[in-house]
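The following exercises concern helix packing, sheets and enclosed space in a predicted model. Each task is followed by a solution in steps.

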Amino acid sequence: MNTVLTDEQAEAVRAWLAEREDQILADIGDYVRIESPSDDVDALAKCLDWLENWLDERLGQPEGRQLHERQGAGDISIRRYAGAGEPLLLLAHYDTVWPLGTIEEIPFHRAGDTLTGPGVFDMKAGLVQAVWALRALDALGLPKPAFALLLNGDEETGSKASSGVIREEAELARAALCFEASADGAIKTSRKGVGLFTVTVTGEEGHAGLDPTAGSSAVHELAHQIVACRALQDLDAGTSVNIGVVRGGTRPNVTAGSAVAELDIRVASVAEQDRISAGLAALSPVDPLAKIEVTGGWNRPVFERTEGVAELFGLARECAAALGLDLREIAVGGASDGNFVLAAGTPVLDGIGAVGAGAHARSEHATVSGMIERAALAAGVLAALAR
């Protein structure tokens, strides 16, 4: 049975963290200043090296460590620590969407309760909160679970190089905490599955002026297919279909021989995922001279609110109540590495990271008060799971 910290213990954790606010902010400032764009492997390596040294200082040497090297993406680090009970999996990604040099344009800065800087909200503050939550438990002699801390370097580009390792680690854990940013303070108990597909049309080129009936326009055909793809959307069922990129043809006076559309599809259930897959497979040309090919696939599985997820959220609500907080839950359209964890059959508490807003936007920010509050909440959840 999970034992939630008493109100007095929870308040002691929050007070301990609040007294160390300057140290916590110094850590997040140092981390944000180490830029880590997903597409710069040298910058990612530098950031991971900094993280390893920082974690050694803050949490001590791990009981075990594995480094999964990746070509063209950030490496995956897994650090294992001893504690009570079967191990948990703690997830964080260290890559960001921001290109190298952004720190010069948007430097790390505190203005009152607000912290700004590239990646501060998504999701560097989350990892710092997790580490200080663990430090608080140690300092106050409170229960701490055994855990594996997984640092991923390609989450923002779909975790293509890391999804297999994440699933393997999830299978070894009894539960997972994903320190992605919250949604206005709410825990994310449902996330959509993401499909990235490309529709390629091949036609026959011809001279558009000399004989407009010759050839087969791939652009015209693609227009029909775009309408057909868009018709698959069902917002009531939680399914969105976005045709984000379209390109085709060579010159205005040439009947287009090829055209391409790139789709981003989000689904809220496995049933909808299956329906979309069948719908894309059934696409057929209106012009018999044209050919259609659909490539791509489901980048992330659906994260549905399972009984295990609901149980973890219920536990988090109890821990929040001990701090005088009313914790909310929400379903979101974005995906995370938590999707892979749940697909492996392991319940996950997602969005337990920073409080703020503006992910992937220049308005990105986190709050100082939110860092202290969420670190205290994470400490409570970790202590409750130490069994």
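**Exercise 1. Determine how helix 2 and helix 11 are oriented to each other, and which residues meet.**

Solution.
1. Take the two axes: those of helix 2 (residues 21–33) and helix 11 (residues 368–384) come within 11 Å, and they cross at roughly 105°.
2. Classify the angle. Angles of 65 to 115 degrees count as roughly perpendicular, and helix 2 and helix 11 are therefore roughly perpendicular to each other.
3. Identify the contact. Helix 2 contributes Glu21, Ile24, Leu25 and Ile28, which meet Val368, Met371 and Ile372 of helix 11.
4. Sort these residues by class: the contact of helix 2 with helix 11 has six nonpolar residues, one charged and no polar.

**Exercise 2. Establish the strand order of the sheet that contains strand 5, and state what lies across strand 5.**

Solution.
1. The sheet is open and has four strands in the order 4-5-18-17, with antiparallel pairing.
2. Its edges are strand 4 (109–111) and strand 17 (356–357), each of which pairs on one side only.
3. Strand 5 (residues 114–116) is joined to strand 18 (residues 365–367) by three bridges in the antiparallel sense. Within this pairing, Thr114 has Thr367 in strand 18 as its bridge partner.
4. Helix 5 (residues 120–139) lies across strand 5, strand 17 and strand 18, and runs at about 40° to strand 18.

**Exercise 3. Describe the sheet that contains strand 9 and the helix packed on that sheet.**

Solution.
1. Four strands in the order 11-13-9-14 make an open sheet, and the pairing is antiparallel.
2. Strand 11 (240–248) and strand 14 are the edge strands. From one strand to the next, the twist averages 15°.
3. Nine bridges in the antiparallel sense connect strand 9 and strand 14; in this pair, Phe197 stands opposite Gly296 of strand 14.
4. Helix 8 (residues 270–281) packs on the sheet and touches strand 9, strand 13 and strand 14. The direction of helix 8 makes about 165° with that of strand 13.

**Exercise 4. Characterise the largest pocket by volume, lining and residue class.**

Solution.
1. The volume of the largest pocket is about 480 Å³.
2. The lining comprises 24 residues, of which Glu155, Glu156, Gly334, Ala335 and His360 are the closest to the centre of the pocket.
3. At least two lining residues come from each of helix 5, strand 8 (187–191), strand 9 (193–202), strand 13 (258–267) and strand 14 (291–300). Helix 5 was met in Exercise 2 as the helix across strand 5, strand 17 and strand 18.
4. By class, the lining divides into nine charged, eight nonpolar and seven polar residues.

**Exercise 5. Count the cavities of 30 Å³ or more, and describe the lining of each.**

Solution.
1. The count comes to two cavities of 30 Å³ or more.
2. The largest cavity has a volume of about 50 Å³. Its lining consists of Val4, Leu5, Ala10, Val13, Cys319, Ala322, Leu323, Ala376, Leu377 and Gly380.
3. Helix 1 (7–19) and helix 11 are the elements that give two or more residues to this lining, and helix 11 supplies the largest share, three residues.
4. The class division for the largest cavity is nine nonpolar, one polar and no charged.
5. The second largest cavity has a volume of about 30 Å³ and is lined by Val32, Glu35, Ser36, Thr96, Trp98, Pro118 and Lys124. The lining of the second largest cavity has three nonpolar, two polar and two charged residues.

Conventions: Residues numbered from 1 in each chain as written. Predicted model: local features only at pLDDT ≥ 70, side-chain atom pairs only at ≥ 80, totals over all residues. Heavy atoms only, no water. Pairing = 2+ DSSP bridges. Contact = heavy atoms within 4.5 Å. Axes fitted to C-alpha atoms, helices over the stretch in contact; angles between N-to-C directions. Parallel < 35°, antiparallel > 145°, perpendicular 65-115°, else oblique. Nonpolar A, V, L, I, M, F, W, Y, C, P; charged D, E, K, R; others polar. 1 Å grid on protein atoms, 1.4 Å probe; cavity = no way out; pocket = protein on both sides within 12 Å on 5 of 7 lines; lining within 4 Å. Points joined across faces, edges and corners; volume = space filled by probe spheres on them.
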